[in-house]
Amino acid sequence: MAKVLITGGAGFIGANLTRRLLAEGHAVTVLDDFSTGRRGNVAGLGAEVVEGDVRAPLPGAYDWVFSLACPASPPHYQADPLRTLATSVDGMRGVLGLARRCGARVVHASTSEVYGDPLAHPQAETYWGHVNPLGPRACYDEGKRVAETFALEHRRAYGTDVRLVRIFNTYGPFMAPDDGRVVSTFILQALRGEPLTLFGDGSQTRSFQFVDDLCDALLAYVRADRAALDAFFAARGLAIPVLNLGNPEECTVRALAEAILRLTGSASPLAFRPLPADDPARRRPDIAWARACLGWAPRVPLDAGLRRTVAYFRAALGGGRGGI
């Protein structure tokens with residue numbers, strides 16, 4: 001049994017990961033400031049829930065730390081850009097300081113946003129990205145890029161066992177209704193009979209990963225042998241393990257909207273709006289390294305994952321999960 005800390009653990013991914021770890025018998029502490037995470041996501045599960053800021057000194061001793069703390073959707077991370085940037089950078093500093101002190105193994109959640117609006121397709125871990133450092137998404141994109149560099153240099157200086165994951169579009173139960181992510185937004189609009197809002201002509205692509213698949217990968221990664229990982233990445237010229245985690249099956253945003261209309265039985269129309277600045281035209285991960293290192297690949301088809309997510313939001317709208 002491991003003693004586990006999940007920073008940002010009351011968020012969407014943290015809530016699912018907490019349940020998985022508790023089901024396996026681990027002792028879980030959830031740290032969250034509840035600025036975007038929701039108390040109801042982790043209440044009554046048996047985890048220790050601590051309200052706190054990841055930028056403050058982190059007490060305690062742990063075997064594993066999952067570093068998830070940071071607003072991750074544009075409406076949330078653009079609401080307070082300076083706080084978002086500080087959470088990424090100072091939060092990473094705090095997590096790494098804790099790990100150095102107690103010898104914890106860290107899996108840090110970076111993001112596919114480090115690739116920006118990519119010129120390479122699909123995106124492999126060796127791609128440096130095409131990011132606008134002065135754009136409206138920079139507080140998140142560049143904050144995550146700096147956090148990766150911080151992890152790399154901490155590993156070089158102190159030998160900290162920190163592993164990076166670049167998470168591509170993920171969806172599933174416990175998504176926040178106001179997060180602005182395309183899956184949750186479309187489902188709620190469909191269930192409420194509102195127009196589904198598409199930006200541009202809906203031809204931009206994303207690769208949608210169900211959260212259970214992501215949790216499988218995170219757990220396999222934290223358990224992976226360090227020496228084997230170091231050898232794998234050193235042979236590829238990298239001084240730190242970094243893996244893309246996502247679904248390599250590409251889907252247009254319009255096709256996603258049409259699938260959600262079909263699954264909800266909604267008659268909502270499609271409404272088209274201007275494309276936001278720096279919105280990537282295509283996003284699809286190369287997961288060859290995750291396959292090689294972890295023997296992992298997504299297993300949940302898009303329709304199956306969407307059905308489960310629709311059921312979650314339908315119950316929430318009906319009051320079954322505290323309402324929305």
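What share of the 324 residues in the protein chain is buried? Colour the whole chain by accessibility to see the answer: buried residues make up 53% of them. Keep in mind on this tour that the model is predicted.

**The whole chain.** Switch to cartoon view, where 10 helices and 13 strands make up the secondary structure of the protein chain. The radius of gyration is 19 Å, close to the 20 Å from the globule rule for 324 residues, so the chain is as compact as a globular protein of that length. Turn the C-alpha trace along its principal axes, and the spans are about 55 × 45 × 40 Å. If you draw the contacts with a separation of 6 or more, 80% of them join residues 24 or more positions apart.

**The surface.** Now show the surface. About 13100 Å² of the protein chain is exposed, with 53% supplied by carbon and sulfur atoms. Next, pick out the charges: the mean positions of the 36 positive and 33 negative ones lie 3 Å apart.

**Helix H7.** Select residues 226–234, which form helix H7, and show Leu229, Phe232 and Phe233, its buried residues. Look down the axis of H7: these buried residues fall within an arc of 90°, so they line one face of the helix. An α-helix has 3.6 residues a turn, which means that residues three or four places apart point the same way. Turn to the other side of H7 to find Ala227 and Ala234, both exposed.

**The neighbours of H7.** Finally, add the partners that the buried residues of H7 pack against: strands S6 (162–167) and S11 (242–245), together with helices H6 (211–223) and H9 (288–294).

Methods: Residues numbered from 1 in each chain as written. Predicted model: local features only at pLDDT ≥ 70, side-chain atom pairs only at ≥ 80, totals over all residues. Heavy atoms only, no water. Helix = DSSP H or I, 4+ residues; strand = E, 2+ residues; numbered from the N terminus. Rg over C-alpha atoms; globule rule 2.2 N^0.38 Å. Buried < 20%, exposed > 50% of the residue type's maximum accessible area, 1.4 Å probe, protein only. Contact = heavy atoms within 4.5 Å. Areas by Shrake-Rupley, 256 points an atom, 1.4 Å probe, with all protein chains shown as cover. Lys, Arg positive; Asp, Glu negative; His and termini not counted. Charge placed at Lys NZ, Arg CZ, Asp CG, Glu CD. Arc of directions from axis to C-beta.
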